[in-house]
Amino acid sequence: MRKTTNLKIILRLILKPRFIIFAPMKFSGAATGRGTQSELSTHLTAAFVALVWGSTFVSTKVLLNAGLGAFEIFFYRFLISYAAIWFISPQRLWADSPADELLMVAVGLTGGSVYFLSENIAVDLSTASNVSLIVCANPLITMLLVWLSGRGEKPSRRQAVGSAVAFAGMALVVLNGQFVLRLSPLGDMLALVAAVSWAFYTIVMKRLTVKYPVPFITRKVFFYGLVTLLPIWFTGRVGFHPGLLKGPAVWGNLLFLGFVASLVCYVAWNRVIRRLGSVRSSAYVYLIPLATIVTAVIVLRERITGLAVLGTVLILGGLYLNEKKPG
């Protein structure tokens with residue numbers, strides 16, 4: 001009982017609104033200073049999440065090499081997150097209305113099962129470069145959907161240019177000097193499904209964060225992400241290998257994916273969406289391939305080229321244009 005209480009205190013401390021990495025802090029001083037510091041901490045949070053998510057590809061590769069399937073990895077990842085988030089959001093069960101509950105189902109699908117399954121299957125059917133390029137076009141897709149909706153945020157010309165520059169830089173980082181693209185219609189289409197799915201997740205999440213606490217919405221994402229996996233499980237086409245969980249590399253990477261990359265980062269990212277909006281927050285997706293290649297260089301000893309360095313400069317420049325306030 002004492003261990004459970006201590007874990008609850010730790011989780012609440014990590015995810016409480018004043019913790020600098022996971023939400024904007026409150027500072028003393030003039031109103032302008034508080035606003036500037038709060039804005040800065042939000043951008044740092046977005047960058048932190050993107051960097052963590054970029055490193056998850058290495059963890060996933062370790063788990064795949066250990067014998068776990070893509071379905072298993074996603075299931076364990078969200079199960080760990082869902083169990084842990086009850087310590088910080090245990091009271092409320094349902095949204096205020098059936099319509100809002102359906103929106104919770106939507107974010108569970110678009111930010112959970114549909115996104116991860118379509119992306120993982122796409123990697124099996126297409127090349128990693130193709131999938132990365134298509135999935136990381138998400139900010140452009142988000143901007144287009146917001147513009148077509150004609151409601152809420154209206155992307156500026158500067159944001160459009162910044163996003164295009166960052167996308168060009170991201171392409172250079174992903175390709176890393178190897179300009180070889182092989183089309184795989186089904187795999188590439190599934191990658192596009194993943195990109196569009198995350199765009200819808202970002203837009204719907206922005207709408208929900210106006211009415212509900214972020215931990216509550218995030219818990220719903222994990223719950224409906226798991227529930228919508230069950231039909232695939234019952235088909236008998238996927239298997240589980242619990243014996244593989246005994247290895248420290250396996251459960252260590254699963255804990256990282258479940259606790260850090262999902263629980264902590266989803267709560268943090270949803271706070272970022274609430275503060276920055278759909279268009280500005282989605283631009284940080286361009287940092288994910290950058291984090292992936294840096295992690296691969298450090299952990300897997302992969303080579304980085306001059307074009308990838310140029311791509312990094314373009315990504316950072318594009319982000320600056322996208323996030324810079326008009327003055």
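**Exercise 1. Burial and overall fold**

Task: State what share of the 327 residues of the chain counts as buried.

Solution. Start with the cut-offs: buried means under 20% relative accessible area, exposed means over 50%, and partly exposed lies in between (1.4 Å probe, protein chains only). By that rule, 49% of the 327 residues count as buried. Keep in mind that this is a predicted model, in which local features need pLDDT of at least 70, side-chain atom pairs count only at pLDDT 80 or more, and totals for chains, interfaces and linings use all residues. Residues are numbered from 1 along each chain as its sequence is written, and side-chain values use heavy atoms, with hydrogens and water left out.

Next, the secondary structure. Helices (H or I, at least four residues) and strands (E, at least two) are DSSP runs, numbered from the N terminus. The chain has 13 helices and zero strands.

Last, the contacts. A contact means heavy atoms within 4.5 Å. Take the contacts between residues at least 6 apart in sequence: 86% of them join residues at least 24 apart.

**Exercise 2. Helix 3**

Task: Explain why helix 3 counts as largely enclosed or not, and compare its span with the expected value.

Solution. Count first. Twelve of the 16 residues of helix 3 are buried, so the rest of the structure largely encloses this helix. Among them are Phe71, Glu72, Arg77 and Tyr82.

Now the span. The expected span is 1.5 Å times one less than the number of residues. For the 16 residues of helix 3 this gives 22 Å; the end C-alpha atoms are 23 Å apart, which agrees.

**Exercise 3. Helix 9**

Task: Find which helices the buried residues of helix 9 pack against.

Solution. Helix 9 covers residues 214-227. Twelve of its 14 residues are buried, so helix 9 is largely enclosed by the rest of the structure. The buried set includes Arg219 and Lys220. The buried residues pack against helix 3 (70-85), helix 4 (98-125), helix 8, helix 10 (230-234) and helix 11 (248-282).

Check one residue that is not in the buried set. Valine 227 lies in helix 9. Its relative accessibility is 34%, so valine 227 counts as partly exposed. Its C-alpha is 10.0 Å from that of phenylalanine 75, although the two are 152 residues apart in sequence.

**Exercise 4. The largest nonpolar core**

Task: Name the residues that touch the most other members of the largest nonpolar core.

Solution. A nonpolar core is a set of buried Ala, Val, Leu, Ile, Met, Phe, Trp, Tyr and Cys residues joined through side-chain atoms within 4.5 Å. The largest has 75 residues, and Trp53 and Tyr266 touch the most other members. Helix 11 gives the most to this core, with 13 residues. Leave out neighbors up to four places away in sequence: tryptophan 53 then touches Arg77, Trp198, Ala261, Cys265, Tyr266, Trp269 and Ile288.

**Exercise 5. Valine 49**

Task: Decide whether valine 49 is buried or exposed, and list its contacts.

Solution. Locate the residue: valine 49 is in helix 2 (residues 31-65). Its relative accessibility is 0%, so valine 49 counts as buried. Beyond four places in sequence, valine 49 touches Cys265, Ala268 and Trp269. The C-alpha atoms of valine 49 and valine 267 are separated by 9.9 Å, with their positions 218 residues apart along the chain.

**Exercise 6. Leucine 192**

Task: Place leucine 192 in its helix and classify its exposure.

Solution. Leucine 192 is found in helix 8. Its relative accessible area is 37%, so leucine 192 is partly exposed.
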